[in-house]
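Let's take a walk through this structure together, one selection at a time. Keep your viewer open and follow along.

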Amino acid sequence: MAYVHQHLRLGVNIDHVATVRNARGGSHPEPLRAALLAAQAGADGITAHLREDRRHISDEDIDRLMTTINLPLNLEMAATDEMVAIALRHRPHAACLVPERREERTTEGGLDAVAGHNELAPKIAQLRDAGIRVSLFIAPDKAQLDMARRLGAPVVELHTGPYCHAAPGPERQRELERLAEAAAHGHALGLEVHAGHGLDYDTVRDVAALPEIAELNIGHFLIGEAIFVGLEASIHGMRQAMDAARAGAEA
Ligand SMILES: CC(=O)[C@@H](O)[C@H](O)COP(=O)(O)O
Ligand SMILES: NCC(=O)COP(=O)(O)O
């Protein structure tokens, strides 16, 4: 029987609770409250992206998450000296290194670990030495996976944005195949394979069915859907979609 990673973990990304809060300033709605609710709704972890421009999650949010939640925190961050220092001060469960451009609307591509290996190597080593599980947010590309392995990152997160944005049909199928090949290759290299970006109830199904994937990180859709059905219900819906897809893959 093909390998199936048993429990597919759901990391709930709470960035866009902070986006709504920051639209007016002040403290409502609070990302911390969303993290506590997500835990009650069955999230396996919380993801928060402390962007260099602080457009959503703030330093204070990270302080409060670190001292209050009982779930592992996956801190998404650029691979800069400032962010590495913040991670070393807090020691979250995981640090996912992502590329950032100030003017981008959202994370557009994966980290180029191949071109950036000289700068990444010392940062990955510092984070690892502090006991933080390092993840690289990369495109589903063999060369990037091979480099993640060489750099000693134990985890990769495959960027699902191009798959989610592809037109349903052959274009999306091609992107799914790239994800499937990358997940299998990463697993064969001994990497723990995660995936995320742009997933919703529809696009999550085929990704959740990929047997080597251990964790999905999902935020924007869950927070948007929560406006209509509440956060617990939106997370429950995602959990159900993931479990149904994984059960189908096991059958
Ligand atoms: C890396 C990633 O996919 C998430 O951190 C996502 O980027 C968060 O939302 P924004 O890109 O809108 O900051
Ligand atoms: N790393 C991806 C993530 O945390 C969530 O991305 P999105 O669902 O907000 O697009």
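Before the first selection, a word on residue classes: Ala, Val, Leu, Ile, Met, Phe, Trp, Tyr, Cys and Pro count as nonpolar, Asp, Glu, Lys and Arg as charged, and the others, Gly among them, as polar. Please also keep in mind that this is a predicted model.

**Stop one: ligand 1**

Select ligand 1 and show its surroundings. You should find D15, H49, R51, E76, V98, T106, T107, F137, G196, H197 and G219 around ligand 1. Sorted by class, this shell has 2 nonpolar, 6 polar and 3 charged residues.

**Stop two: ligand 2**

Now move to ligand 2. Its surroundings are N13, T47, E157, G196, H197, G198, L199, N217, I218, G219, H220 and F221. How many residues of each class are in the shell around ligand 2? There are 3 nonpolar, 8 polar and 1 charged. Colour strand 8 (213–218) and helix 10 (220–229) as well, since each of them supplies at least two residues of this shell.

**Stop three: the barrel**

Switch to a cartoon view. Here 8 strands close into a barrel, in the order 1-2-3-4-5-6-7-8, with parallel pairing. On average, neighbouring strands of this sheet are turned by 25° against each other, direction ignored. As background, strands of a sheet pair through backbone hydrogen bonds, either parallel or antiparallel.

Select strand 2 (residues 45–49) and strand 3 (residues 73–77): they run parallel and are joined by 4 bridges. Within this pair, T47 stands opposite N74 of strand 3. T47 is also one of the residues around ligand 2.

Step on to strand 4, which pairs with strand 3 in the parallel sense over 4 bridges. Which residue of strand 4 does E76 stand opposite? The residue to pick is C96.

Stay on strand 4 (residues 94–97) and show its side chains. A94 and C96 point one way, A95 and L97 point the other way, and all are buried. This fits a general pattern: in a regular strand the side chains alternate between the two faces of the sheet.

Strand 4 also pairs with strand 5 (residues 133–138), again in the parallel sense and over 4 bridges. There, L136 of strand 5 is the bridge partner of L97.

**Stop four: the crossovers**

Trace the chain from strand 3 through helix 4 (residues 81–90) to strand 4, and you have followed a right-handed β-α-β unit. Carry on from strand 4 through helix 5 (residues 117–129) to strand 5; this β-α-β crossover is right-handed too.

**Stop five: annotated positions**

Select H49, E76 and H197, which UniProt lists under "active site" in an unreviewed entry. They span 149 residues in sequence, yet no two of their C-alpha atoms are more than 12.2 Å apart, so they gather at one spot. H49 lies in strand 2, and it counts as buried because it has 25 C-beta neighbours inside 10 Å.

Next, pick the positions for which the unreviewed UniProt entry gives "binding site": N13, R24, G198, G219 and H220. They are spread over 208 residues of sequence and also spread in space, with up to 24.8 Å between C-alpha atoms. N13 lies in strand 1 (residues 9–13). Is N13 buried or exposed? It counts as buried, with 26 C-beta neighbours inside 10 Å.

**Stop six: backbone oddities**

Most residues other than glycine have a negative phi, and most peptide bonds are trans. A few places are worth a look with that in mind.

- H197 has a positive phi near 115° and is not a glycine. H197 sits in the loop between strand 7 (192–196) and helix 9 (204–208), and is buried, with 25 other C-beta atoms within 10 Å.
- R91, also not a glycine, has a positive phi of about 50°. R91 is in the loop between helix 4 and strand 4, and is partly exposed, with 14 other C-beta atoms within 10 Å.
- The peptide bond from H28 to P29 is cis, with omega near -5°. P29 lies in the loop between helix 1 (15–24) and helix 2 (31–40).

**Last stop: I62**

Finally, select I62 in helix 3 (residues 59–68). With 21 C-beta neighbours inside 10 Å, I62 counts as buried. Add H90, 28 residues away along the chain: the C-alpha atoms of I62 and H90 are separated by 8.3 Å.

Notes. Residues are numbered from 1 along each chain as its sequence is written. Chains are lettered from A and ligands numbered from 1 in the order in which they are written. This is a predicted model: local features need pLDDT of at least 70, side-chain atom pairs count only at pLDDT 80 or more; totals for chains, interfaces and linings use all residues. Two strands pair if DSSP finds at least two bridges between them. Axes are lines fitted to C-alpha atoms, for helices over the stretch in contact, and angles run from 0 to 180 degrees between N-to-C directions. A residue is near a molecule or strand if its C-beta atom, placed from the backbone, lies within 6 Å of it. A residue is buried if 20 or more other C-beta atoms lie within 10 Å of its own, exposed if 12 or fewer, and partly exposed in between; C-beta atoms are placed from the backbone. A crossover is right-handed if, with the strands pointing away from the viewer, the path from the first strand over the helix to the second runs clockwise. UniProt positions are given in the numbering used here, feature names are shortened, and annotations may be inferred rather than shown by experiment.
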